[in-house]
Amino acid sequence: MKALFCSLLLVLILFSSRSQVNVETDDKTHQVSEVQSQKFPDSLKTHKAYLGVGFGYPWMFSADITYLSRRNIGFSINYSTYGLKSVNIPSDFESAFSKPTDSYSSFNILLVFDIRLPNQKFRPGFEAGLSLVSYKEAYYKKYQPTALIVFATKNYEVYYSEERFLGFQARMKLEALFTHFLGCEFALAGNINKYRSFVGIEAIFLIGRVRERDIPVY
């Protein structure tokens, strides 16, 4: 009877010790999980803000600043300038230099809607909003060289008229985010307006807080 009592007591002591170890292990696991969650937040808990600079076709230079909320919804302030083929160029135009182009620039305020994918290194999205457009159109006047000019380099004088108006800018994009602070963006962009609408392609370099940090694997 005494031996049985001692055996039961030993079993209870071992069971109690094992339970305490499991509780401590669970507490430590929970603490590590909380630390990881704070150090490496989920995309839905992370604000993003970054700069973009790039080029495109037709000849284009663009610069913008973008902000994304925790829900991957935000806004972008963008300035773009384009060189478009002149619509009034005469068929017999000659010049020793490059042909004139119509100059097109726009200041855009766009709403941004990005889609969160399981692979956070890629992020498609859509942007749309109003733009203030400045358009310089080339006009041509027949050039008559004087007797003092033996070799004329052009046969037309070029003049420009400028118009300003509102337009609607839209962009479909795909961002490749190499790290949490560096990436690039490829976009199909277009502007609809009363004067001259167009569509072009863009390649933009991104720098800033473009996404959350990578979560380490333990």
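1. A good place to start is Asp 114, which forms a salt bridge with Lys 173, with the closest N and O atoms 3.5 Å apart. Asp 114 belongs to strand 4 and Lys 173 to strand 6 (residues 156–177), so this pair ties together parts that are 59 residues apart in sequence. Please keep in mind while reading that this is a predicted model.

2. Asp 114 has a second partner to look at: a salt bridge joins Asp 114 to Arg 123, and here the closest N and O atoms are 3.1 Å apart. Are these charged residues buried or exposed? Asp 114 is buried, because its relative accessible area is 8% and buried means under 20%. Arg 123 has a relative accessible area of 6%, so Arg 123 is buried too. Lys 173, the partner from the opening point, has 5% relative accessibility and therefore counts as buried.

3. Lys 173 also meets the side chain of Glu 127 in a salt bridge, at 2.9 Å from N to O. This pair links distant parts of the chain, with Glu 127 in strand 5 and Lys 173 in strand 6, 46 residues apart. Both Glu 127 and Lys 173 are buried.

4. These charged pairs can be followed further. Which residues are linked in a network of salt bridges? The members are Asp 114, Arg 123, Glu 127, Arg 171, Lys 173, Glu 175, Glu 185 and Glu 202. Across the whole structure, the search finds 11 salt bridges. As general background, side chains of opposite charge can pair when their charged atoms come close.

5. Now for the strands that carry many of these residues. Strand 3 and strand 4 pair in the antiparallel sense, over 13 bridges. Within this pairing, Tyr 82 stands opposite Tyr 104 of strand 4. Strand 4 is also joined to strand 5 by 12 bridges, and these two strands run antiparallel. Here Ser 106 has Val 133, in strand 5, as its bridge partner.

6. The nonpolar side chains deserve a look next. In soluble globular proteins, nonpolar side chains tend to be buried together. The largest nonpolar core in this model has 8 residues: Met 60, Tyr 82, Leu 84, Tyr 104, Val 133, Tyr 135, Phe 165 and Phe 198. Strand 3 (73–85) and strand 5 (122–142) each supply at least two residues of this core. A second, separate core has 7 residues, among them Leu 68, Val 112, Ile 204 and Leu 206.

7. Leu 84 is a handy residue for exploring the surroundings of the largest core, being one of its members. What does Leu 84 touch, leaving aside residues up to four places away in sequence? The contacts are Pro 58, Thr 101, Asp 102, Tyr 104, Arg 196 and Phe 198.

8. Aromatic rings are worth a point of their own, as the count comes to 11 aromatic pairs. Tyr 104 and Tyr 135 form one that is edge-to-face, with 6.0 Å from centre to centre and 70° between the planes. The two come from distant parts of the chain: Tyr 104 sits in strand 4 (residues 101–114) and Tyr 135 in strand 5, 31 residues apart. Both Tyr 104 and Tyr 135 are buried.

9. Tyr 104 forms another edge-to-face pair with Phe 198, at 4.8 Å centre to centre and with 80° between the planes. Tyr 104 lies in strand 4 and Phe 198 in strand 8 (residues 198–209), so the pair ties together parts 94 residues apart in sequence. Why do both count as buried? The relative accessibility of Tyr 104 is 0% and that of Phe 198 is 11%, while the cut-off for buried is under 20%. Ring pairs also link Tyr 82, Tyr 104, Tyr 135, Phe 165, Tyr 195 and Phe 198 into a cluster.

10. Finally, try Phe 205, which is found in strand 8. Phe 205 counts as partly exposed because its relative accessibility is 46%, and that class lies between 20% and 50%. Not counting residues up to four places away in sequence, Phe 205 touches Leu 51, Gly 52, Val 53, Leu 182 and Gly 183. Phe 205 and Phe 186 are 19 residues apart in sequence, and their C-alpha atoms are 9.1 Å apart in space.

Key: Residues numbered from 1 in each chain as written. Heavy atoms only, no water. Core = buried A, V, L, I, M, F, W, Y, C linked by side-chain atoms within 4.5 Å. Buried < 20%, exposed > 50% of the residue type's maximum accessible area, 1.4 Å probe, protein only. Helix = DSSP H or I, 4+ residues; strand = E, 2+ residues; numbered from the N terminus. Contact = heavy atoms within 4.5 Å. Phe/Tyr/Trp six-rings, centres within 6.5 Å; stacked < 30°, edge-to-face > 60°. Salt bridge = Lys/Arg side-chain N within 4 Å of Asp/Glu carboxyl O. Pairing = 2+ DSSP bridges.
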